[in-house]
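This report describes a single protein chain through its residue environments, salt bridges and internal space. The sequence and the model are shown first, and the discussion follows.

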Amino acid sequence: MISIIKRNGKLNIFFRKIEFDQIIDISFFAMLCVHFCVYGEDNYAYYTAFFLFVGASLIKVFMRMRFDGKINVPSVFWWYLAFALFAWASVLWSEYPGISVGSVVRFSQILAILFCMSQSYATKDGFNRCLKLICWAGGVCAFYIFIRTPVSEWLRGSLGQTATKSNVNVIGMIMVVCAIFSLYQAYYLAKRSYYILVFVETALIVFTSSRKSILTIVFALIMMACIRSIDYKIFFRMLVAVGVAIIILYLIMNVDELYRSVGRRFESMWNHLQNNEGDNSMYARDMFISYAKQYFLEKPIIGSGAATFSSKFGFDTGFYAYAHNNYYEILVGVGLVGFSIYYSFYAYLFIKLMNIGFKFGDLTAKAMLTMLVSIMICEYGIVLYYSIYALIFLCVAYLYVCVFDNEKSKKQSLPIRNNEERLNISQNVLREGI
């Protein structure tokens, strides 16, 4: 791992690149695991792993500067910095400035993670390592929850809430993305062992009884099957994916144990959609959105100040809660300006991934696109703009865009002997993605 060589009477310490990357991978994996498994501000294990990951990444940056004398700052960092600066500036006009200032620490952590991820995982090999680490961190979290929870409580609903002290919607959201990445490895890349992770992570999603997470993973399953390739087999794949989705929903509604923990919540949701009754959770969410629309219209351009929805809602109702909707939470806090800054990056990723996925038939881009759309679906029922795990997932999609563009540039710069060879590269090499 470390080489110590004596030259000219001086000891020189050298870190081997691959092994130093292993230190970064281990610290990143540890940070993911403890962040997924343990919720709370006093998560000392997370902060230990976080500082180890950031510290190791910065050492790598400084070592690289000795050779090229520059630091590469990624676009994802500049994007989130622009949003964070505007959110911090909202303190100047915030109705509850103390609440807005409180976002500084979380935003700073996210910026550090985005920067450090880009230093190690923006290459073909680095991206592959990053994706595998997230898959296995999701698996560790799932196994941790199942082991920490007595078997008798698995089917009581809200699985994972006791073990992690986290909201089941958060657990479900994390597992949805991990399951998508694991399914990409298993189905798109034919790494069959990853089906174990897909099964475990999907089972946890169902047992959390989080409706949005269950519906999202069903949607992701169908989407990944349909967009894998546009050929005569698409209808067969779509039928299989829909069939699996129907089986999952059938079991939820007809197996007594699953119905008591999950099925009744879907039935209650359906009754609410039909008759506007029978579901306190959906009624509360409708109320949050109604108030959010009112607050947004009061200051539509620059908002009322970052993270002020809860305080405004609490002042009006006596009950403090966030908006349970990322779109309206941002609109209320930082208005159309902040909303445009934040979702401009989503638009960029969506356009780039669509182009890479369907112009070049790139499977990895299609998996990243499925993940991005799934996050946007979940954001209708959960606030993610300051969630570390959500920004890590978005960064992964961005890193793949970087990887593809870099690989494409390298291959196009290779010496080409004739037009036939150029055609083969454009049609075959680019389509292999990573």
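Ala245 has its place in helix H11, which covers residues 234-254. The model under discussion is a predicted one. With a relative accessibility of 4%, Ala245 counts as buried, because the limit for that class is under 20% relative accessible area. Once the neighbours within four places in sequence are set aside, Ala245 is in contact with Val218, Leu221 and Ile222. For one of these partners, Leu221, the separation along the chain is 24 residues, and the C-alpha atoms of Ala245 and Leu221 are 7.8 Å apart.

A second local environment is that of Pro300, which lies in the loop between H13 and H14. Is Pro300 buried or partly exposed? At 26% relative accessibility, Pro300 counts as partly exposed. Beyond its neighbours within four places in sequence, Pro300 is in contact with Gly335 and Leu336. The C-alpha atoms of Pro300 and Leu336 are 6.1 Å apart in space, although 36 residues separate the two in sequence.

**The chain as a whole**

The protein chain contains 18 helices and 2 strands. Of its 434 residues, 50% are buried. The exposed area of the chain is about 20,800 Å², and carbon and sulfur atoms supply 64% of that area. Among the contacts in the chain with a separation of 6 or more, 70% are between residues 24 or more positions apart.

**Salt bridges**

How many salt bridges does a search of the whole structure find? The search finds 7. Three of them are set out below, with the distance between the closest nitrogen and oxygen atoms.

| Residue | Partner | N to O distance |
|---|---|---|
| Lys60 | Asp21 | 2.8 Å |
| Glu95 | Lys299 | 3.8 Å |
| Lys312 | Glu95 | 3.1 Å |

The salt bridge of Lys60 with Asp21 has its closest N and O atoms 2.8 Å apart. This pair links distant parts of the chain, since Lys60 belongs to helix H2 (residues 44-68) and Asp21 to helix H1 (residues 17-37), with their positions 39 residues apart. Both partners are covered: Lys60 is buried at a relative accessible area of 12%, and Asp21 is buried at 8%.

Glu95 takes part in two of the tabulated salt bridges, one with Lys299 and one with Lys312. In the salt bridge between Glu95 and Lys299, the closest N and O atoms are 3.8 Å apart. Glu95 lies in the loop between helix H3 (75-89) and helix H4 (97-101), while Lys299 lies in the loop between helix H13 (280-298) and helix H14 (309-317), so the pair ties together parts that are 204 residues apart in sequence. Glu95 counts as partly exposed at 36% relative accessibility, and Lys299 is partly exposed with a relative accessible area of 30%.

The side chains of Lys312 and Glu95 meet at 3.1 Å, N to O. Here, too, distant parts of the chain are linked: Lys312 is in helix H14, Glu95 is in the loop between H3 and H4, and the two are 217 residues apart. Lys312 counts as buried, at 6% relative accessibility. Through salt bridges that share partners, Glu95, Glu298, Lys299 and Lys312 are joined into one network.

**Internal space**

The structure holds 1 cavity of 30 Å³ or more. The largest cavity has a volume of about 30 Å³. Which residues line the largest cavity? Its lining consists of Phe83, Ala87, Ala306, Ala307, Glu329, Ile330, Gly333, Val334 and Tyr385. By class, this lining has 7 nonpolar, 1 polar and 1 charged residues. At least two lining residues each come from H3 and from helix H15 (326-359). H15 gives the most to the lining of the largest cavity, with 4 residues.

How values were computed: Residues numbered from 1 in each chain as written. Predicted model: local features only at pLDDT ≥ 70, side-chain atom pairs only at ≥ 80, totals over all residues. Heavy atoms only, no water. Buried < 20%, exposed > 50% of the residue type's maximum accessible area, 1.4 Å probe, protein only. Contact = heavy atoms within 4.5 Å. Areas by Shrake-Rupley, 256 points an atom, 1.4 Å probe, with all protein chains shown as cover. Salt bridge = Lys/Arg side-chain N within 4 Å of Asp/Glu carboxyl O. 1 Å grid on protein atoms, 1.4 Å probe; cavity = no way out; pocket = protein on both sides within 12 Å on 5 of 7 lines; lining within 4 Å. Points joined across faces, edges and corners; volume = space filled by probe spheres on them. Nonpolar A, V, L, I, M, F, W, Y, C, P; charged D, E, K, R; others polar.
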